[in-house]
Amino acid sequence: MGHTVYISFKFEDQSYKDQVQSWDHLDYVDRSLNEKINSENADYIMQKIRSDYLRGSTVTIFLIGDNSAEIFGWDEQQYIKRELQGSLYNGAGNTRNGILGVVLPSMMDSVYGGKYACSTCQGSHNLVRMNDSTVIKEFGHNYYIPHDRCAWTENERYCVLVGWEDFRSDPNSWIDKAFDKRDEPIAQKVTVYP
Ligand SMILES: [Zn+2]
């Protein structure tokens with residue numbers, strides 16, 4: 001069963017967005033937030049984004065490329081930040097989306113750092129750099145949902161993350177994983193405005 005998908009991306013990554021949309025058996029909402037919403041009312045802004053842009057979608061795919069990081073600032077990132085906030089927002093009559101982050105090829109080495117030895121538990125963890133230098137906070141914070149231990153299990157994350165090649169070889173199962181998060185206990189710990 002396919003889900004309706006919204007794609008949040010930077011202009012520079014348009015070719016990847018086009019590729020994803022060329023694949024069969026997925027439904028897309030083909031809109032991008034590209035104009036300012038003139039309001040100071042956060043709930044109004046979120047409802048407007050949900051009704052005018054995200055409408056009908058249940059999963060948001062966030063393409064993580066060279067220009068997706070928090071450090072580039074609000075002016076540069078306001079649209080993707082609003083798109084993710086609107087996706088995470090759980091309002092009356094419009095429930096939050098699952099979020100699937102897709103690491104594009106040029107970002108693989110910046111994000112995936114291999115295994116490292118943990119000085120806290122003496123075990124070994126996979127180094128996955130989700131921080132202000134790689135992604136906007138809306139994604140990073142809901143990937144590493146704060147807690148007081150040294151590592152995260154899959155159940156302790158709301159955002160789902162996958163590399164481009166793995167996504168391309170089996171898009172539907174990754175989209176399903178993100179969709180299923182909406183009803184898992186971790187959904188209670190989502191932060192819309194980190
Ligand atoms: Zn550890």
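The following exchange asks why certain terms apply to this predicted model.

Me: Which residues are called the protein donors of the zinc ion, and why?
Reply: The donors are Cys118 (SG), Cys121 (SG), His125 (NE2) and Cys150 (SG). Donors are N, O and S atoms within 2.8 Å of the metal. The four named atoms lie 2.0 to 2.3 Å from the zinc ion, so they count as donors. Along the sequence, the donor residues follow the spacing C-x2-C-x3-H-x24-C.

Me: Why is the site of the zinc ion called tetrahedral?
Reply: Four donors count as tetrahedral if all angles lie between 85 and 135 degrees. The angles among the four donor atoms of the zinc ion are 105 to 113°, and the site is therefore tetrahedral.

Me: What makes His125 buried or exposed?
Reply: Buried means under 20% relative accessible area. His125 has a relative accessible area of 14%, so His125 is buried.

Me: Is there a separate term for Cys121, and what is the value behind it?
Reply: Cys121 has a relative accessible area of 40%. Buried means under 20% and exposed means over 50%, with partly exposed in between. Cys121 is therefore called partly exposed.

Me: How do you know that strand 5 and strand 6 pair?
Reply: Two strands pair if DSSP finds at least two bridges between them. Five bridges join strand 5 (residues 112–117) to strand 6 (residues 124–128), so the two strands pair, and they run antiparallel. Ala117 stands opposite Ser124 in strand 6. The hairpin of these strands has six residues between the strands.

Me: What is noted about Gln122, and why is Gln122 called exposed?
Reply: Gln122 lies in the loop between strand 5 and strand 6. Gln122 has a positive phi of about 65° although Gln122 is not a glycine. Its relative accessible area is 65%, and exposed means over 50%, so the term exposed applies to Gln122.

Me: How do you know which strands strand 3 pairs with?
Reply: At least two bridges are needed for two strands to pair. Four bridges join strand 1 (residues 4–8) to strand 3, and these strands run parallel. Strand 3 and strand 4 (residues 98–103) also pair in the parallel sense, over six bridges. Val59 in strand 3 is the bridge partner of Val5, and Gly98 in strand 4 is the bridge partner of Val59. Leu63 stands opposite Val102 in strand 4. From strand 3 the chain crosses through helix 3 (residues 74–88) to strand 4, and this β-α-β crossover is right-handed.

Me: What makes strand 3 mostly covered?
Reply: Six of the six residues of strand 3 (residues 59–64) are buried. Val59, Ile61 and Leu63 point one way from the strand, whereas Thr60, Phe62 and Ile64 point the other way.

Me: Why is strand 4 called largely enclosed by the rest of the structure?
Reply: Six of the six residues of strand 4 are buried, so the strand is largely enclosed. Gly98, Leu100 and Val102 point one way, and Ile99, Gly101 and Val103 the other way.

Me: In what order do the strands of the open sheet stand, and what makes strand 2 and strand 7 edge strands?
Reply: The open sheet has five strands in the order 2-1-3-4-7, with parallel pairing. Strand 2 (27–29) and strand 7 (160–163) each pair on one side only, and they are the edge strands. Neighbouring strands of this sheet are turned by 30° against each other on average, direction ignored. Strand 7 is joined to strand 4 by four bridges, and Val162 in strand 7 is the bridge partner of Val102. Helix 7 (residues 171–181) lies across strand 1, strand 3, strand 4 and strand 7, running at about 170° to strand 7.

Me: Why is Asn142 called buried, and what is Asn142 in contact with?
Reply: Asn142 is found in helix 5 (residues 137–143). Its relative accessible area is 0%, and buried means under 20%, so Asn142 is buried. Leaving aside neighbours within four places in sequence, its contacts include Leu88, Arg157, Tyr158 and Thr191.

Me: What makes Asp183 exposed?
Reply: Asp183 lies in the segment after helix 7. Exposed means over 50%, and Asp183 has 66% relative accessibility, so Asp183 counts as exposed.

Terms used. Residues are numbered from 1 along each chain as its sequence is written. This is a predicted model: local features need pLDDT of at least 70, side-chain atom pairs count only at pLDDT 80 or more; totals for chains, interfaces and linings use all residues. Side-chain values use heavy atoms; hydrogens and water are left out. Donors are N, O and S atoms within 2.8 Å of the metal (3.2 Å for Na, K and Ca); water is not among the atoms, so sites may look incomplete. Four donors count as tetrahedral if all angles lie between 85 and 135 degrees; four count as square planar and six as octahedral if opposite donors are over 155 degrees apart and all others between 65 and 115; anything else is irregular. Buried means under 20% relative accessible area, exposed over 50%, partly exposed in between (1.4 Å probe, protein chains only). A crossover is right-handed if, with the strands pointing away from the viewer, the path from the first strand over the helix to the second runs clockwise. Axes are lines fitted to C-alpha atoms, for helices over the stretch in contact, and angles run from 0 to 180 degrees between N-to-C directions. Contact means heavy atoms within 4.5 Å.
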